[in-house]
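Subject: Structure for you to look at, with notes on side-chain contacts

Dear colleague,

Please find below the structure I wanted to hand over to you. My notes on the side chains follow it.

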Amino acid sequence: GDEESSTVALTTGETTSEEEEEQDLLTDWIMKRLRTSDGLDLDWVEERFGTDVRNTVVQGAALGLELDMAEIVDEKGNISGEPHDDDRHSSTTTSTGRTILRLKDPN
């Protein structure tokens with residue numbers, strides 16, 4: 001039954017349609033938000049998808065951060081102390097509120 005198909009999906013690495021929908025939602029949201037000056041709210045990502053997904057998004061942005069093409073800021077635009085390397089155990093929440101990943105203006 002359902003239990004058997006879930007086990008097969010887990011052991012074969014296949015994702016369920018619900019997981020695929022969640023992943024598609026996240027991918028679409030990331031792409032849309034990074035095109036705006038408001039950027040992507042990393043706290044929303046963590047609340048909706050969990051800490052591991054948030055860390056994965058930050059890891060995925062590491063090259064852009066390193067090349068100074070992206071930045072992690074608080075909601076007022078101040079540079080955040082968000083780690084973008086292997087130091088994920090330090091605090092990632094700023095005292096001023098939400099943590100935002102955004103692309104920098106190329107000018």
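Is F49 buried or exposed? F49 is buried, because its relative accessible area comes to 19%, and the cut-off for calling a residue buried is under 20%. Please keep in mind throughout that this is a predicted model, and that what follows was computed from it.

Aromatic side chains

A search of the whole structure finds 2 aromatic pairs. In one of them, W29 and W44 are arranged in a tilted fashion, with 5.2 Å from centre to centre and 45 degrees between the planes. This pair links distant parts of the chain, since W29 belongs to helix α2 (residues 17–34) while W44 belongs to helix α3 (residues 42–49), and the two are 15 residues apart. Both tryptophans count as partly exposed, W29 with a relative accessibility of 33% and W44 with a relative accessibility of 25%. W44 also pairs with F49, and here the arrangement is edge-to-face, at 5.8 Å centre to centre and with 75 degrees between the planes. The angle explains the label, because planes over 60 degrees apart count as edge-to-face, whereas the 45 degrees between W29 and W44 falls in the range called tilted. Taken together, W29, W44 and F49 make up one aromatic cluster, in which F49 is buried whereas W29 is partly exposed.

Salt bridges

The count of salt bridges comes to 8, and I describe some of them here. One of these joins the side chains of R98 and D41, with 2.9 Å from N to O. The contact links distant parts of the chain, with R98 in the loop between β2 (70–74) and β3 (99–103), D41 in strand β1 (residues 40–41), and their positions 57 residues apart in the sequence. R98 itself is partly exposed, with a relative accessible area of 26%.

A further salt bridge is formed by the side chains of K104 and D68, at 2.5 Å from N to O. This pair, too, links distant parts of the chain: K104 is found in the segment after β3, D68 is found in the loop between α5 (62–66) and β2, and they are 36 residues apart. K104 is partly exposed at a relative accessible area of 29%, and D68 likewise counts as partly exposed, with a relative accessibility of 49%.

The side chains of E71 and R102 also form a salt bridge, in which the closest N and O atoms are 2.6 Å apart. E71 lies in strand β2 and R102 in strand β3, so this salt bridge ties together parts that are 31 residues apart in sequence. E71 counts as buried, with a relative accessibility of 13%, whereas R102 counts as partly exposed at 22%. Finally, salt bridges with shared partners join D41, E47 and R98 into one network.

A nonpolar patch

On the surface, L63, L67 and M69 form a nonpolar patch, and their accessible area together is about 320 Å². Of these residues, L63 lies in helix α5. L63 counts as exposed because its relative accessible area is 54%, and the cut-off for exposed is over 50%.

With best regards

Definitions and conventions:
Residues are numbered from 1 along each chain as its sequence is written. This is a predicted model: local features need pLDDT of at least 70, side-chain atom pairs count only at pLDDT 80 or more; totals for chains, interfaces and linings use all residues. Side-chain values use heavy atoms; hydrogens and water are left out. Rings of Phe, Tyr and Trp (its six-membered ring) pair if their centres lie within 6.5 Å; planes under 30 degrees apart count as stacked, over 60 as edge-to-face and the rest as tilted. Helices (H or I, at least four residues) and strands (E, at least two) are DSSP runs, numbered from the N terminus. Buried means under 20% relative accessible area, exposed over 50%, partly exposed in between (1.4 Å probe, protein chains only). A salt bridge is a side-chain nitrogen of Lys or Arg within 4 Å of a carboxyl oxygen of Asp or Glu. Patches are made of residues with over 30% relative accessible area and no salt bridge: like charges are joined within 9 Å, nonpolar side chains (Val, Leu, Ile, Met, Phe, Trp, Tyr) within 5 Å. Accessible areas come from the Shrake-Rupley method with a 1.4 Å probe; for residues, only the protein chains shown count as cover.
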